[in-house]
Amino acid sequence: MIEIANLNQFYGESHTLWDMNLNAEPGKITCVMGRNGVGKTTLMKSIMGLLPSSGSIKYQGKELIGIAPEKRAEIGIGYVPQGREIFSQLTVEENLKIGLLARKDKVKEVPQRIYELFPVLKEMLHRKGGDLSGGQQQQLAIGRALCTNPSMLILDEPGEGIQPNIVQMIGEVIQKLAKEENFTILLVEQKLPFSRKFADQFVIMERGRVVAENTIDQLTDEVVEQYLSV
Ligand SMILES: Nc1ncnc2c1ncn2[C@@H]1O[C@H](COP(=O)(O)OP(=O)(O)OP(=O)(O)O)[C@@H](O)[C@H]1O
């Protein structure tokens, strides 16, 4: 369980997150939505400690504010950033092994489970990250995050710029992690069909604040019209 309370974040003088409160539970997919520029990515980066913020972010009861990003990975939070951030000159295997560096247990080999979830990564193990398609890179970014041995995944727009069948497959993998392995999943996703199909809960942001949250069946056309239509 992640519990965010009174979270504030500033870019210099610019106040971006305002007293944000948000909880995400294990076994569930919580989808953060909102129009462009409302602070979704800023929230994800703040949770990972990549941006300074104040307030409280507790994961499994442990306070994360003041803890370095690499320690947050050690505590069990895996991060799949917007734009994937694959190392294009490194091979698929080398990219995956970067995830292993965050582990305390000194595991040196990529767990087979990653290749079961994403068979294409095994097929392309010795290819350069930069040679992969967008969909393959997204699978690699998720695989690399899973190599840190997390119990929670944060994904920032995993479906962005990816062909629909791969987006679907990624949704199914995330759902499997939540339902079968009790992962806490917090993801930013703009696409309504994806959220409605895979999420359990939604949270809508506007100008750095949470303005609506509920179970996904309550994401009605009226709510969409009010907060998400452009
Ligand atoms: N490095 C930065 N320095 C200053 N302001 C920033 C910086 N990054 C983002 N912002 C501003 O903070 C606000 C929130 O941006 P953020 O990227 O978190 O929004 P978002 O909801 O993720 O948007 P999108 O859907 O376009 O990805 C925006 O007004 C943006 O211009």
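**Two sheets and a ligand shell in a predicted model**

Strands β7 and β8 run parallel and are joined by 5 bridges, and within this pairing Leu153 stands opposite Ile185 of β8. The model described here is a predicted one, and the account begins with the sheet to which this pair belongs before turning to the other sheet, the ligand and the chain as a whole.

The sheet that holds β7 and β8 is open, has 6 strands in the order β6-β7-β8-β3-β9-β10, and is mixed in its pairing. Its edge strands are β6 (77-80) and β10 (209-215), each of which pairs on one side only, and the twist from one strand to the next averages 15 degrees. On the other side of β7 from β8 in this order comes β6, which runs parallel to β7 and is joined to it by 4 bridges; here Val80 stands opposite Leu155 in β7. Strand β8 (residues 184-188) is in turn joined to β3 (residues 29-33) by 4 bridges, again in the parallel sense, with Thr30 placed opposite Leu186 of β8.

Strand β7 is mostly covered, with 5 of its 5 residues buried. In a regular strand the side chains alternate between the two faces of the sheet. In β7, Met152, Ile154 and Asp156 point one way whereas Leu153 and Leu155 point the other way, and all of these residues are buried.

A second open sheet consists of 4 strands in the order β2-β1-β4-β5, with antiparallel pairing. Because β2 and β5 (62-63) stand at the edges and each has a single partner strand, one side of each is left without a neighbour in the sheet. Between these edges, β1 (residues 2-11) and β4 (residues 53-59) pair in the antiparallel sense over 6 bridges, and the bridge partner of Gln9 in β4 is Ser53.

Helix α1 lies across strands of both sheets. In the antiparallel sheet, α1 lies across β1, β2 and β4 and runs at about 70 degrees to β2; in the mixed sheet, α1 lies across β3, β6, β7 (152-156), β8 and β9 (201-206), running at about 150 degrees to β7.

The residues around the ligand are Tyr11, Ser14, Thr16, Gly34, Asn36, Gly37, Val38, Gly39, Lys40, Thr41 and Thr42. Two elements, β2 (14-24) and α1 (40-48), give two or more residues to this shell, and α1 gives the most, with 3 residues. Sorted by class, the shell has 8 polar, 2 nonpolar and 1 charged residues.

Taken as a whole, the chain has 9 helices and 10 strands. The radius of gyration is 17 Å, close to the 17 Å that the globule rule gives for 230 residues, so the chain is as compact as a globular protein of that length. The C-alpha trace spans about 45 × 40 × 35 Å along its principal axes, and buried residues account for 43% of the 230 residues. Among contacts with a separation of 6 or more, 67% are between residues that are 24 or more positions apart.

Key: Residues are numbered from 1 along each chain as its sequence is written. This is a predicted model: local features need pLDDT of at least 70, side-chain atom pairs count only at pLDDT 80 or more; totals for chains, interfaces and linings use all residues. The radius of gyration is taken over C-alpha atoms; the globule rule is 2.2 Å times the number of residues to the power 0.38. A residue is buried if 20 or more other C-beta atoms lie within 10 Å of its own, exposed if 12 or fewer, and partly exposed in between; C-beta atoms are placed from the backbone. Two residues are in contact if their C-beta atoms, placed from the backbone, lie within 7 Å. A residue is near a molecule or strand if its C-beta atom, placed from the backbone, lies within 6 Å of it. Ala, Val, Leu, Ile, Met, Phe, Trp, Tyr, Cys and Pro count as nonpolar, Asp, Glu, Lys and Arg as charged, and the others, Gly among them, as polar. Two strands pair if DSSP finds at least two bridges between them. Axes are lines fitted to C-alpha atoms, for helices over the stretch in contact, and angles run from 0 to 180 degrees between N-to-C directions.
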